[in-house]
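Please look over the sequence and the model below with two topics in mind, the charged side-chain pairs and the pocket. The report that follows takes them in that order.

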Amino acid sequence: MKRLSDVCEAKGWVKPRFLVPTAGPNNEAVIEFEYPDLATFQAENRAQMTDPEFMGPFRESAQYVYPQTSRTEMYEDAFDIA
């Protein structure tokens, strides 16, 4: 996570937060990237996935993921519904 964060910082990208549970499921970790908008996420995601410096530590982290448990979620601020 430190290497991944360092790469993001050096390239001016959003730095990830590494979260672990205080309570709840054991052996769970979350890597969170918070973007101001979808366009920024899409631009950075494309840049990251094509960058060898980023993909090295990103791929290395796969060894710590239990098979078929990885997932990606995207949330946005709620708005008032008429």
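## The Arg71–Glu73 pair

In this predicted model, Arg71 and Glu73 are joined by a salt bridge in which the closest N and O atoms lie 2.6 Å apart. The two partners are not equally accessible by class: Arg71 has a relative accessibility of 61% and therefore counts as exposed, since the cut-off for that class is over 50%, whereas Glu73, with a relative accessible area of 45%, is partly exposed.

Elsewhere, Lys11, Asp51 and Glu53 are brought into one network by salt bridges that share partners. The structure as a whole holds seven salt bridges.

## A pair within helix α1

Lys2 forms a salt bridge with Asp6, and the closest N and O atoms of this pair are 2.9 Å apart. Both residues belong to helix α1, where they are separated by four residues, or about one turn of the helix. Lys2 counts as exposed because its relative accessibility is 60%, while Asp6, at 33% relative accessibility, falls in the partly exposed class.

## A pair between strands β1 and β2

Glu32 forms a salt bridge with Arg17, with 3.0 Å between the closest N and O atoms. This pair links distant parts of the chain, as Glu32 is in strand β2 and Arg17 is in strand β1 (residues 17-19), 15 residues apart. Both partners are partly exposed, Glu32 having a relative accessible area of 27% and Arg17 one of 47%.

## The largest pocket

The largest pocket contains about 1,900 Å³ of space, and its lining is made up of 41 residues. Those that lie nearest the centre of the pocket are Val30, Ile31, Glu32, Arg71 and Thr72, so the list includes Glu32, the salt-bridge partner of Arg17, and Arg71, the partner of Glu73.

Two or more lining residues come from each of the elements α1 (2-11), β2 (30-32), α2 (38-49) and α3 (52-60). Helix α1 is also the element that holds the Lys2 and Asp6 pair, and strand β2 is the one in which Glu32 lies. By residue class, the lining of this pocket divides into 21 nonpolar, eight polar and 12 charged residues.

Definitions and conventions:
Residues numbered from 1 in each chain as written. Predicted model: local features only at pLDDT ≥ 70, side-chain atom pairs only at ≥ 80, totals over all residues. Heavy atoms only, no water. 1 Å grid on protein atoms, 1.4 Å probe; cavity = no way out; pocket = protein on both sides within 12 Å on 5 of 7 lines; lining within 4 Å. Points joined across faces, edges and corners; volume = space filled by probe spheres on them. Nonpolar A, V, L, I, M, F, W, Y, C, P; charged D, E, K, R; others polar. Salt bridge = Lys/Arg side-chain N within 4 Å of Asp/Glu carboxyl O. Buried < 20%, exposed > 50% of the residue type's maximum accessible area, 1.4 Å probe, protein only.
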